[in-house]
Amino acid sequence: MKIVTANRLEDGAVVYLGDDDRWTESLADAAQFDDQDAENVLAAAESRVEEIAGAYLAPVDEDGAVSARERLRETIRSAGPTVRLDLGRQSECCA
Amino acid sequence: MYRYDEFDATMVAERATQFRGQVARRLSGELSEDEFKPLRLMNGLYLQLHAYMLRVAIPYGTFTSRQMRMLAHVARKYDKGYGHFTTRQNIQYNWPALVDVPDILDDLASVEMHAIQTSGNCIRNVTSDQYAGAAADEVEDPRPYAEMIRQWSTFHPEFSFLPRKFKIAVTASDNDRAATRVHDIGLRLYKNDAGETGFEVIVGGGLGRTPYIGHTIREFLPKEHLLSYLEAILRVYNTQGRRDNLYKARIKILVNTEGAERFGELVEAEWEAIKGGEIDLPAEEMARIDAYFAPPPFEALSVDSAALDQSRQDNDEFAQWLRVNTVPHKIPGYAIVNISLKPIGGIPGDISDEQMEAVADIAERYSFDEIRATHEQNLTLAHVKKDDLFAVWQALKAADLATANASLASDIIACPGLDYCNLANTRSIPIAQRISERMGDLEKQEDLGELKIKISGCINACGHHHVGHIGILGVDKKGEEFYQITLGGSAAEDASLGEIVGRGLSSGDVVDAVETLVGFYRDNRQDKERFLDTYRRLGAEPFKEALYAAA
């Protein structure tokens, strides 16, 4: 399975394509696509040039977690730098 | 200090206005990312993991308190309250929003700053010795030449689309603090036997996936011909450098494929055709640029300072900082002060907006309003009166900027790595932090002496690991971070590339390994040998044995 991720154009924030075809900041809300469909979904996402930049596919396992090889990179993109826990989404506290 | 003339000011203002229009067209969707990318890179704007990254140029690392305050303002208003000094004397911001970048560039332009030539396949920001104009060991101030190169290279129409990026460094001292032998072009100004000053021209050095030490293609270049000779080198590279393969496009590949001798002949032939033409600056123009770098109004002082001697005796911590972080100045009664941006366990090169303000205040009051950024990700105050050193230390200490570790084991160069960088395979900052903490005790570090540890999070080698006395390269193995150690590198006048010792280590093991290597050095050094000297005397084998016996 794959998810589509990109950087939001206006501020560069990491976003994911959600179920409703809208961009979400939450990795947990990222929609999952079969490997066959994913390329088409990515192409459609890339055409939304006024919304995002640098879109690509990231592999996820059955639980929706990013697969091993990309895990650290995608965790850092999603949460923030591991050396500054006061920055990025990891710093925005739980409601 | 160089001050903009009307041409500089117009050029920078027009560029900022032009980029504002380009950003607006990108935001409206009129420009695609593919169309916009080369335009933003021409203005130092990258897209990284979490956000955009803006790299701001500090030509040859010299800037004023006013400019530092503007850098603090940018950090506060548009970013997250900090900036990061790089290995090319620039500063970068990790979180700017694209929509804010036009305003940032306007703010920077108001203090004669910009982000031009900090990215892309052009001649990048020229770097130099952070002690320029102050060092006891220099033949003259190298910065006027660096400024000439800046003016010559800025928007040079012939060299705006080179095969690859191009980096030039200038030194005027036998003690190379500008890493000239690992640049595309390194220039060493010196006095020959006839008493004339001119440049040794070194070409084709570099790090990255194919590291090389540069070759001297001309032993002595009369300084009035500097620009025509550089033009000749760039012409040969621009026409003959490879454009078919990104990994073979740097000048180092051309020089080492052709052979340095053959490459030198091509340059000399090109130079014959253009030297003495309009590219070389006339003497009056060189004098005009020289005048910007006239020494500040130094006072006539005695070599020794009674006040300093007293403070040194009264305060051991100050005395230690004085031994480690200050350097002799060429003018009696003055000293050069190194400000460490490597607090124990901290992030190499990072500085908060408040710290920037503090440095600006200290420089304004005690160092003729001038600050230097170093390629080792620290700052320097070039001209401090010995009488003022205690006050400067106290002010730095109050701003958490008085770590006494210049050139010691915890003065580590580290690239941003996977915590920030889109190209990285592994993190490098956490390794630097853990080594720094392990080496902790500053007295022990002082006893170990000069030890250059350099860490890169990928093969692009932004952390200069090839030229670390101890170099560490992060490699990704199926999603796990491993670190490979190299030993015996140097970026100084005794430049050399480190040798790989053994297999990759886990992030925990690599910190232990560094401690083992340092311990082996301490047990086997002779007299005043540095780590590097002992390594060169004994060779790699005993260090490897020590490493793997312990593992």
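**A walk through chains A and B**

Glu231(B) sits in helix α6 of chain B. The model in which it is found is a predicted one. Is Glu231(B) buried or exposed? Glu231(B) counts as buried because 23 other C-beta atoms lie within 10 Å, and the cut-off for a buried residue is 20 or more. Apart from its neighbours within four places in sequence, Glu231(B) is in contact with Ile274(B) and Ile279(B). Val267(B) stands 36 residues from Glu231(B) in sequence, and their C-alpha atoms are 9.1 Å apart in space.

The helix that holds Glu231(B) also has a part in the nonpolar interior. The largest nonpolar core has 180 residues, and those with the most contacts inside it are Leu54(B), Val203(B), Ile233(B), Val359(B), Val514(B) and Leu517(B). Which element gives the most to this core? It is α6(B), with 9 residues.

One of the core residues just named, Val203(B), can be followed to its surroundings. Not counting residues up to four places away in sequence, Val203(B) touches Ile185(B), Gly214(B), His215(B), Ile217(B), Ile233(B), Ile251(B), Val255(B) and Phe263(B). Two of these partners, Ile251(B) and Val255(B), are among the buried residues of helix α7 of chain B, which covers residues 251-258. The others buried in that helix are Lys252(B), Ile253(B) and Leu254(B). The buried residues of α7(B) pack against β9 (197-203), β10 (215-222), α6 (226-240) and α8 (260-274) of chain B. After α7(B) comes Gly259(B), which has a positive phi, near 95°.

The next step is to the domains of chain B. Their assignment gives domain 1 (6-109), domain 2 (134-292), domain 3 (306-398) and domain 4 (413-550). The C-alpha centres of domain 1 and domain 3 of chain B are 29 Å apart. The contact between them takes 21 residues from domain 1 of chain B and 20 residues from domain 3 of chain B. On the domain 1 side, β3 (62-64), α3 (65-78) and β4 (82-85) of chain B each supply at least two residues. Of the elements on that side, α3(B) gives the most, with 7 residues. By class, the domain 1 side that touches domain 3 of chain B has 8 nonpolar, 10 polar and 3 charged residues.

Strand β15 of chain B, residues 379-385, is next. How many of its 7 residues are buried? The strand is mostly covered, with 7 of its 7 residues buried. Strand β12 of chain B (residues 334-339) runs antiparallel to β15(B), and 5 bridges join the two. Opposite Val384(B) in β15(B) stands Ala335(B). Strand β14 of chain B (residues 370-373) also pairs with β15(B) in the antiparallel sense, over 2 bridges. Here Ala373(B) has Leu379(B) of β15(B) as its bridge partner. β14(B) and β15(B) form a hairpin with 5 residues between them. In the turn of this hairpin, Gln377(B) has a positive phi of about 65°.

Chain A remains to be described. Chain A has 2 helices and 4 strands, and along the sequence these follow the pattern β-β-β-α-β-α. The C-alpha atoms of chain A fill a box of roughly 40 × 30 × 25 Å along the principal axes. How does its radius of gyration stand against that of a compact globule, and what is the value for chain A? A compact globule of 95 residues would have a radius of gyration near 12 Å, and the 13 Å of chain A agrees with this. Buried residues make up 31% of the 95 residues in chain A. Among contacts in chain A with a separation of 6 or more, 44% are between residues 24 or more positions apart.

The last topic is the contact between the chains. Here 24 residues of chain A are in contact with 24 residues of chain B. On the chain A side, the elements that give two or more residues are β4 (52-59) and α2 (68-79) of chain A. The most comes from α2(A), with 7 residues. The residues of the chain A side divide into 11 nonpolar, 6 polar and 7 charged.

Key
Residues numbered from 1 in each chain as written. Chains lettered and ligands numbered in written order. Predicted model: local features only at pLDDT ≥ 70, side-chain atom pairs only at ≥ 80, totals over all residues. Contact = placed C-beta atoms within 7 Å. Nonpolar A, V, L, I, M, F, W, Y, C, P; charged D, E, K, R; others polar. Buried ≥ 20, exposed ≤ 12 C-beta atoms within 10 Å, placed from the backbone. Core = buried A, V, L, I, M, F, W, Y, C linked by C-beta atoms within 7 Å. Rg over C-alpha atoms; globule rule 2.2 N^0.38 Å. Domains from an automatic or database assignment. Pairing = 2+ DSSP bridges.
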